[in-house]
Amino acid sequence: MYYSEEDIIHQLNTPIFRTVKEIADSQHMETYVIGGFVRDIFLRRPSKDIDIVTVGSGIRLAEAVAKRLGKDAHLAVFRNFGTAQVKWHDTELEFVGARRESYNRDSRKPVVEDGTIEDDQNRRDFTINALALCLNKERLGELVDPFDGLGDIERLRIAAPLDPDVTFSDDPLRMMRAIRFASQLGFFIDPDTFDAITRNRERIHIISAERIADELNKIILSPKPSIGFELLDTCGLLELILPELPALKGVETKEGIGHKDNFAHTLMVLDRLSRTSDDLWLRWSALLHDIAKPVTKRFDRRLGWTFHNHNIAGAKMVPGIFRRLKLPMNEKMKYVQKMVDLHMRPTALVDEDVTDSAVRRLLFDTGDDIDDLMLLCEADITSKNPEKVRRFLHNFQLVREKLVQIEEKDRLRNFQPPVSGEEIMDTFGLSPSRPVGIIKEAIKNAILDGVIPNDRAAALQFMHHKAAEMNLISLEQTLHDGQ
């Protein structure tokens with residue numbers, strides 16, 4: 001990797017950096033850009049993570065920078081933490097004074113003292129995040145790299161700058177961050193650092209569920225999420241934060257019949273889906289799609305291993321998992337629940353004729369999420385039998401074609417019945433009751449089965465026909481008979 005001094009100066013020659021440099025020099029404050037932004041310069045990847053550290057008051061520097069930038073700058077000061085944030089157009093900078101830290105064992109909140117740039121680098125999580133570039137005029141662009149973080153970038157290595165047991169015991173979230181960086185960057189974790197994660201894994205219990213979920217989300221969104229989940233499993237963290245996943249591990253054999261390792265299968269599905277979708281919640285659906293297989297697993301001498309209704313049982317498990325991890329309990333959770341529940345439906349169509357009725361019902365139940373469901377199902381085909389894969393993918397293509405045809409003809413996506421329950425009650429003088437539900441369900445089924453088209457006139461005619469079968473008389477007929 002080669003990055004010239006001119007390249008670095010160019011990265012620091014933006015209006016926001018020029019403003020920071022001028023004010024730092026005018027106030028005689030030793031100032032650096034540090035951490036992820038510097039790391040990403042050398043990785044040649046874009047970064048919005050701009051951290052400024054100064055020997056002195058980070059808040060004072062931030063206030064002066066915001067004042068110089070004028071009304072377009074937005075300043076937020078966090079005096080309890082000794083930090084400040086400046087947002088200016090699409091740029092966001094975090095300011096902090098150089099400091100040394102010490103930790104209480106029961107908390108990841110440090111006791112902070114003023115320090116030097118060396119003290120500040122000592123407290124960083126990994127060598128690749130301890131790189132600093134000086135912003136002062138006389139040393140502009142000078143790299144301060146006490147732990148050979150640049151060498152670790154070249155070696156694709158993640159390592160703690162000091163004793164990794166202290167690093168992870170002080171702030172156990174760093175264990176998740178190490179694995180997240182490995183997954184995002186494709187780096188390996190130094191063996192001594194990884195062993196320390198294994199030794200300190202129980203310390204994760206002092207970390208809030210929200211912070212753990214944030215790191216999980218970043219792993220799920222990484223280019224190859226399986227890297228992160230395999231590392232989480234190997235060090236023992238996965239058992240502590242998402243035990244439903246390692247429960248999928250293993251292959252059991254009875255009477256010479258075995259089943260696939262559902263943990264390995266799940267990670268393969270997640271990786272395959274990640275090539276076609278960057279949607280976080282669809283990726284969560286892939287991660288959880290087979291989550292109930294351990295609790296539904298049975299051995300049948302005629303059928304072999306079965307996992308009947310694992311999709312239904314899995315959908316019921318989703319809210320509990322989301323609640324425990326403090327993930328959103330809104331439409332995002334319901335979306336994942338729906339994907340887990342329905343992920344077997346398109347696959348089932350492979351074993352039968354792809355009928356219009358089956359496709360109508362799939363479209364009715366899935367609505368606007370049908371395209372996402374098809375992506376999940378295609379990723380779920382991980383068989384080593386090429387003929388089986390070919391057959392499934394061919395049938396999925398037939399399903400997609402049918403979906404287009406039926407949607408154009410019947411307009412069933414996010415279907416709303418042409419006749420409401422209130423209209424049924426008004427027509428036949430009924431109060432809310434079972435007959436109303438029977439008629440409404442019959443209209444829906446008639447449309448989905450192709451008995452009648454999805455339009456109001458046909459639905460009203462069918463409603464009267466069904467009511468006659470049930471010996472119901474409309475108010476109009478009652479008035480007519482009374483004349």
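**Note on aromatic contacts and helix α11**

1. In this predicted model, the count of aromatic pairs comes to five, where rings pair if their centres lie within 6.5 Å.

2. One of these pairs joins F126 and F181. The ring centres are 6.1 Å apart and the planes stand at 85°; since planes over 60 degrees apart count as edge-to-face, the pair is therefore assigned to that class. A pair of aromatic rings is described by the distance of the centres and the angle of the planes.

3. The two partners come from distant parts of the chain, 55 residues apart. F126 sits in the loop between α5 (117–122) and β8 (132–134), whereas F181 belongs to helix α8 (residues 173–185).

4. Are F126 and F181 buried or exposed? F126 has a relative accessible area of 0% and is buried. F181, at 3% relative accessibility, also counts as buried, because the cut-off for burial is under 20%.

5. The surroundings of this pair deserve mention. F126 and F181 form one aromatic cluster together with F168. In addition, R180 lies over the face of F181, at 4.5 Å from the ring centre.

6. A further point concerns helix α11 (residues 225–235). Its buried residues are P225, S226, G228, F229, L232, D233 and C235. Which elements cover them? The cover includes α8, the helix that holds F181, as well as α9 (191–200), α10 (209–220), α12 (237–241), α13 (262–274) and α14 (280–288).

7. Just after α11, the backbone at G236 takes a positive phi of about 95°.

Terms used
Residues numbered from 1 in each chain as written. Predicted model: local features only at pLDDT ≥ 70, side-chain atom pairs only at ≥ 80, totals over all residues. Heavy atoms only, no water. Phe/Tyr/Trp six-rings, centres within 6.5 Å; stacked < 30°, edge-to-face > 60°. Helix = DSSP H or I, 4+ residues; strand = E, 2+ residues; numbered from the N terminus. Buried < 20%, exposed > 50% of the residue type's maximum accessible area, 1.4 Å probe, protein only. Lys NZ or Arg CZ within 6 Å of the ring centre and 35° of its normal. Contact = heavy atoms within 4.5 Å.
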